Amino acid sequence: EAISGRRGDQFRVGQTVETLLDAEAALVCSGTATLQAAICKTPHVIFYRPPKALDWQLRITGRPWPKFIGLPNILLDEMAVPE
């Protein structure tokens, strides 16, 4: 039985592309993997928890939060993948 409690679920390390190609969907941490998931055409959601220091830096400098966090969204300049 898998960690999720469901039979048939698999957890892999170091096989990103193979895993994304096999997956029905993915929850992907912001970074290169988001672009890999998009290239593999795997439906996914991007998640990111910014460090508190970033929030402080943006407040102090008066700069706004970035429009997008995920690479596919940044490259397309639109919300193609939910964040």
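The following exchange concerns a predicted model and the terms used to describe it.

Reader: What makes β1 and β2 a pair of strands?

Author: Two strands pair if at least two bridges are found between them. β1 and β2 are joined over four bridges, in the parallel sense, and therefore they satisfy the rule for pairing. Among the partners, Leu27 is bridged to Val45 in β2, and Cys29 stands opposite Phe47 in β2.

Reader: Why is the unit made by β1, helix α2 and β2 called right-handed?

Author: The term describes the path from the first strand over the helix to the second, viewed with the strands pointing away; a clockwise path is called right-handed. β1, helix α2 (residues 32-39) and β2 make a right-handed β-α-β unit, so the path over α2 runs clockwise in that view.

Reader: What is meant by saying that the side chains alternate along β1?

Author: Ala26 and Val28 point to one face and are buried, while Leu27 and Cys29 point to the other face and are not buried. The word buried requires a relative accessible area under 20%.

Reader: Which side chains of strand β2 are buried, and which are not?

Author: In β2 (residues 44-47), His44 and Ile46 point to one face and are buried. Val45 and Phe47 point to the other face and are not buried.

Reader: Why is Cys29 called partly exposed, whereas Cys40 is given another class?

Author: Cys29 has a relative accessible area of 43%. Partly exposed covers the range between the limits of 20% and 50%, so Cys29 belongs to that class. Cys40 has a relative accessible area of 16%; this value is under 20%, and therefore Cys40 is buried.

Reader: How do you know whether Cys29 is in a disulfide?

Author: A disulfide is a covalent bond between the sulfur atoms of two cysteines. The rule applied here asks for two cysteine sulfur atoms within 2.5 Å, and by this rule the count is zero disulfides. For Cys29, the nearest cysteine sulfur is that of Cys40, 17 Å away, so the pair does not meet the limit of 2.5 Å. Cys40 is likewise in no disulfide, its nearest cysteine sulfur being that of Cys29.

Reader: What makes Lys41 exposed, and where does Lys41 lie?

Author: Lys41 has a relative accessibility of 74%. The exposed class begins over 50%, so Lys41 counts as exposed. Lys41 lies in the loop between α2 and β2, and its phi is near 60 degrees, a positive value in a residue other than glycine. Asp77, in the segment after α4 (71-76), also has a positive phi, near 55 degrees.

Reader: Why is Gly31 classed as partly exposed?

Author: The relative accessible area of Gly31 is 24%. This value falls between 20% and 50%, and therefore Gly31 is partly exposed. Gly31 is placed in the loop between β1 and α2. The C-alpha atoms of Gly31 and Arg49 are separated by 12 Å, with the two residues 18 apart along the chain.

Reader: What lines the largest pocket?

Author: The largest pocket has a volume of about 680 Å³. It is lined by 20 residues, of which Gln10, Thr19, Ala23, Ala25 and Ala26 are the closest to its centre. α1 (16-22) and β1 (26-29) each supply at least two residues of the lining, and α1 gives the most, with four residues. By class, the lining has nine nonpolar, six polar and five charged residues.

Key:
Residues are numbered from 1 along each chain as its sequence is written. This is a predicted model: local features need pLDDT of at least 70, side-chain atom pairs count only at pLDDT 80 or more; totals for chains, interfaces and linings use all residues. Side-chain values use heavy atoms; hydrogens and water are left out. On a 1 Å grid over the protein atoms alone, a cavity is a set of points where a 1.4 Å probe fits but cannot get out, and a pocket is an open set with protein on both sides within 12 Å along at least five of seven lines; lining residues have an atom within 4 Å of a point. Grid points are joined across faces, edges and corners, and a volume is the space filled by probe spheres set on the points. Ala, Val, Leu, Ile, Met, Phe, Trp, Tyr, Cys and Pro count as nonpolar, Asp, Glu, Lys and Arg as charged, and the others, Gly among them, as polar. Buried means under 20% relative accessible area, exposed over 50%, partly exposed in between (1.4 Å probe, protein chains only).
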